[in-house]
Amino acid sequence: MSANSKQSRLLVATRKGLFALARTNGAWDVESVSFLGDNVTRAFADTRDGTWYAALNLGHFGVKLRRSEDRGKSWQEIAVPEYAAEDKVATGDGKEPAPAKLQLLWELVAGGANEPGVLWAGTIPGGLFRSADRGASWQIVKGLWDRSERMQWFGGGYDAPGIHSVCVDPRDARTLRVAISCGGVWQSRDGGASWNVTTKGMFAAYMPPERREDPAIQDPHRMVQCAAAPDHLWIQHHNGVFRSTDGGMSWSEIQVPPSVFGFAVAVHPHDPQTAWFVPAVKDEKRVPVDGKLVVARTRDGGVSFDVLREGLPQRDAFDLVYRHGLAIDSSGERLAFGSTTGNLWLSDDAGENWQLINGNLPPIHAVNFE
Amino acid sequence: MAKVVLASALTRHLSDASGPGEVALQTQGATLAEALGEVFARYPNLRGYVLDEHGGVRHHVAIFIDGTALADKAHPQAPVSQSTEIYIMQALSGG
């Protein structure tokens with residue numbers, strides 16, 4: 001695929017199944033439905049070999065991972081990350097330590113282009129896992145799990161902390177950056193053996209004043225990295241939007257209209273100055289500001305923003321977009337986002353105009369292009 | 001010779017089950033753990049659906065032994081006999 005051709009298939013992970021939507025003759029239709037009725041928390045297509053992966057949370061029966069080599073026609077059950085008997089979860093907000101058990105497979109990404117078969121999984125309760133065999137087996141990343149600071153992490157929307165963002169540096173796949181709710185941003189230069197926390201510039205208004213800048217309790221909701229300029233990262237944080245131009249070592253606060261609260265962020269794959277957000281009323285409400293659903297876009301690194309609303313509902317809209325619910329394709333022109341109310345919108349012109357391509361899906365957890 | 005019955009909510013996830021609906025198996029073991037081990041040998045993927053990674057029965061899975069719910073879910077070691085019937089099903093928490 002050339003850098004400029006648009007991707008024409010979407011994998012939409014929802015509360016009641018995985019939906020693949022494809023563009024044919026200019027229209028987007030549901031091409032296939034997998035796991036109808038089951039809670040699919042993440043899905044992604046590995047561009048290295050075409051494999052699809054879907055993470056399910058079956059509630060009664062736990063977290064499952066399935067793999068498809070024929071674009072969703074058939075699925076094979078593969079291993080999930082597992083915690084050892086001695087692994088414990090303790091949090092910095094005073095909860096009793098408890099045995100660590102896999103609760104959610106929150107992030108699932110491919111390793112480097114030169115690492116066929118390598119996958120990374122971020123989980124609740126806070127473990128990062130690596131697979132070297134396309135998910136047939138998983139190993140916990142002890143270098144991060146064993147850090148004493150982990151005991152200071154909090155849950156973010158869940159009882160236990162979770163890793164929801166894993167960025168593999170395209171220049172060197174041994175360089176990893178992960179974001180944790182609530183545990184800050186961590187970096188490794190050696191494939192996960194050793195880690196440093198790097199949140200300089202971030203703040204947490206929800207904490208007592210003396211803990212405001214404590215790295216271990218920052219709540220980045222989502223972190224994304226520009227593929228063409230990997231030192232440029234964007235974070236939608238619980239308390240605002242932050243940007244880094246130095247590989248995540250330091251962060252600058254960005255003001256986003258109409259609200260700095262939200263979960264999702266996307267960065268242009270070729271232009272690190274261009275990023276998109278889906279703002280919401282902060283914290284206690286988590287709905288669009290004034291019932292008007294908008295997308296905020298900057299093209300100058302956060303100095304200024306366009307508030308894009310063409311094609312989006314401008315009254316009585318209560319859609320919330322989760323942290324993995326906004327996706328950008330490899331061209332940087334096509335975006336899609338899905339909401340908790342099961343609406344799926346798409347733009348072919350970098351967000352200027354949006355079209356509702358399905359308004360009747362189950363609540364949407366995650367959207368990815370293939 | 002305990003009989004183990006798997007609820008349809010479980011068997012629908014087993015690609016190697018005979019079909020949808022309940023599945024019943026005869027086992028030889030003298031304890032619940034042994035009986036489960038035989039069932040998992042027949043359906044390897046089932047283990048992760050019934051037990052968590054530490055070997056305990058999942059929080060939202062119920063095991064009934066002759067009509068009585070297994071109490072010690074962390075240690076599924078109860079003795080079973082030839083006439084025992086073991087039902088494995090989803091715990092009814094929520095509607």
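## Exercises on a predicted model

In this predicted model, 3 bridges join β22(A) to strand β23 (residues 275–277) of chain A, and the two run antiparallel.

**Exercise 1. Place β22(A) in its sheet: which strands form the sheet, and in what order?**

Solution.
- Start with a pair of residues. A:Val265 stands opposite A:Phe277 in β23(A).
- Now list the strands. The open sheet has 4 strands, in the order β22-β23-β24-β25 (chain A), with antiparallel pairing.
- Find the edges. They are β22 (265–267) and β25 (306–308) of chain A, as each pairs on one side only.
- Add the turn. Neighbouring strands of this sheet are turned by 20 degrees against each other on average, direction ignored.

**Exercise 2. Describe the largest nonpolar core: how many residues does it have?**

Solution.
- Take the count. This core has 108 residues.
- Look for the residues with the most contacts inside it. They are A:Leu11, A:Val12, A:Ala43, A:Ala54 and A:Ala266.
- Ask which strand gives the most. Strand β5 (residues 52–57) of chain A does, with 5 residues.
- Turn to the second core. It is separate, has 19 residues, and includes B:Leu6, B:Val23, B:Tyr49 and B:Val57.

**Exercise 3. Which residues does A:Leu11 contact, leaving aside its neighbours within four places in sequence?**

Solution.
- Use the cut-off: C-beta atoms within 7 Å.
- Read off the partners. They are A:Leu18, A:Ala20, A:Ala43, A:Phe44, A:Ala45, A:Trp52, A:Asn368 and A:Glu370.

**Exercise 4. How many residues does each chain bring to the contact?**

Solution.
- Count by chain. Chain A gives 12 residues and chain B gives 13 residues.
- Sort the side of chain A that touches chain B. Its residues divide into 6 nonpolar, 3 polar and 3 charged.

Methods
Residues are numbered from 1 along each chain as its sequence is written. Chains are lettered from A and ligands numbered from 1 in the order in which they are written. This is a predicted model: local features need pLDDT of at least 70, side-chain atom pairs count only at pLDDT 80 or more; totals for chains, interfaces and linings use all residues. Two residues are in contact if their C-beta atoms, placed from the backbone, lie within 7 Å. Ala, Val, Leu, Ile, Met, Phe, Trp, Tyr, Cys and Pro count as nonpolar, Asp, Glu, Lys and Arg as charged, and the others, Gly among them, as polar. A nonpolar core is a set of buried Ala, Val, Leu, Ile, Met, Phe, Trp, Tyr and Cys residues joined through C-beta atoms within 7 Å. A residue is buried if 20 or more other C-beta atoms lie within 10 Å of its own, exposed if 12 or fewer, and partly exposed in between; C-beta atoms are placed from the backbone. Two strands pair if DSSP finds at least two bridges between them. Axes are lines fitted to C-alpha atoms, for helices over the stretch in contact, and angles run from 0 to 180 degrees between N-to-C directions.
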